[in-house]
Amino acid sequence: MLDTQAAKAPPSLLYMVKQVELVVRSHLDELVKPSGITALQYTALTVLQRHDGLSAAQLARDSFVTAQSIADLVRSLESRGLIRRERNPRNRRELLILLTDAGRELLAGHEESVRELEERMVRDLTAHQAEQFRQALTKAWHALS
């Protein structure tokens with residue numbers, strides 16, 4: 001016999017966060033697909049938009065991919081002319097990854113549809129609840145980082 005308490009228990013927060021992440025990624029993949037990029041590549045480009053000139057290791061961490069995955073991602077974006085690499089003037093052994101004008105244009109072309117996706121995600125929340133949601137997610141991320 002099923003434990004009625006367990007059957008009535010709400011899903012764990014971890015499960016719910018994963019559900020949101022998967023549905024967001026699916027929608028984001030559909031939005032950026034016409035540009036020939038993936039949601040992961042889009043994420044990396046937005047990271048560079050906020051913090052241009054990162055090392056591959058920094059970009060991997062901030063884009064939520066492994067160091068191994070970032071190498072392929074960077075090669076693909078560089079071959080499309082969306083990013084470029086140049087030597088770090090303070091550490092000549094390090095290559096910095098920078099967003100190109102083409103990368104900025106691609107992001108600008110998706111700005112409205114991505115904003116609409118985010119608005120759709122929180123449309124049943126008040127502005128105050130949406131801000132609390134943002135703060136709660138930030139605190140959860142910091143607690144695990």
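## Leu137 and a nonpolar surface patch

With a relative accessibility of 41%, Leu137 counts as partly exposed, because buried means under 20% relative accessible area, exposed means over 50%, and partly exposed lies in between (1.4 Å probe, protein chains only). Leu137 is found in helix α7, which covers residues 127–144; helices (H or I, at least four residues) and strands (E, at least two) are DSSP runs, numbered from the N terminus. This is a predicted model, in which local features need pLDDT of at least 70 and side-chain atom pairs count only at pLDDT 80 or more, while totals for chains, interfaces and linings use all residues. Residues are numbered from 1 along each chain as its sequence is written, and side-chain values use heavy atoms, with hydrogens and water left out.

On the surface, Leu137 forms a nonpolar patch together with Val20, Met121, Leu125 and Phe133, and the accessible area of these residues together is about 390 Å². Patches are made of residues with over 30% relative accessible area and no salt bridge, where like charges are joined within 9 Å and nonpolar side chains (Val, Leu, Ile, Met, Phe, Trp, Tyr) within 5 Å. Accessible areas come from the Shrake-Rupley method with a 1.4 Å probe, and for residues only the protein chains shown count as cover.

## The annotated domain

An unreviewed UniProt entry lists residues 10–142 as "domain: HTH marR-type"; the UniProt positions are given in the numbering used here, feature names are shortened, and annotations may be inferred rather than shown by experiment. Over residues 10–142 the chain is 68% helix and 11% strand, and the C-alpha atoms at the two ends are 24 Å apart.

## Salt bridges

Side chains of opposite charge can pair when their charged atoms come close. A search of the whole structure finds 8 salt bridges, each being a side-chain nitrogen of Lys or Arg within 4 Å of a carboxyl oxygen of Asp or Glu. One of them joins Arg104 to Asp52, with the closest N and O atoms 3.3 Å apart. Arg104 lies in helix α6 (residues 101–121) and Asp52 in the loop between α3 (39–50) and α4 (56–63), so this pair ties together parts that are 52 residues apart in sequence. Arg104 is partly exposed at a relative accessible area of 36%, and Asp52 is also partly exposed, at 33%.

Another salt bridge links the side chains of Asp72 and Arg75 at 2.4 Å, N to O. Both of these residues lie in helix α5 (residues 67–79), 3 residues apart, which is about one turn of the helix. Asp72 is partly exposed at 49% relative accessibility, and Arg75 is partly exposed at 47%. Glu86 and Arg84 also form a salt bridge, with their closest N and O atoms 2.2 Å apart; Glu86 is partly exposed at 36% relative accessibility, as is Arg84 at 38%. In addition, salt bridges that share partners join Glu118, Glu131 and Arg134 into one network.

## The largest pocket and Phe64

The largest pocket has a volume of about 2,300 Å³. On a 1 Å grid over the protein atoms alone, a cavity is a set of points where a 1.4 Å probe fits but cannot get out, whereas a pocket is an open set with protein on both sides within 12 Å along at least five of seven lines, and lining residues have an atom within 4 Å of a point. Grid points are joined across faces, edges and corners, and a volume is the space filled by probe spheres set on the points. The lining of the largest pocket consists of 43 residues, of which Glu21, Val24, Phe64, Met121 and Leu137 lie nearest its centre. Helices α2 (13–32), α3, α4, α6 and α7 each supply at least two residues of this lining.

Phe64 is placed in the loop between α4 and α5 and is exposed, with a relative accessible area of 63%. Most residues other than glycine have a negative phi. Phe64, although not a glycine, has a positive phi of about 65°.

## Distances across the model

His27 lies in helix α2, and the C-alpha atoms of His27 and Glu86 are 33 Å apart in space, while the two residues are 59 residues apart in sequence. Pro89 is found in the loop between β1 (83–88) and β2 (91–99); Pro89 and Leu14 are 75 residues apart in sequence and 42 Å apart in space, C-alpha to C-alpha.
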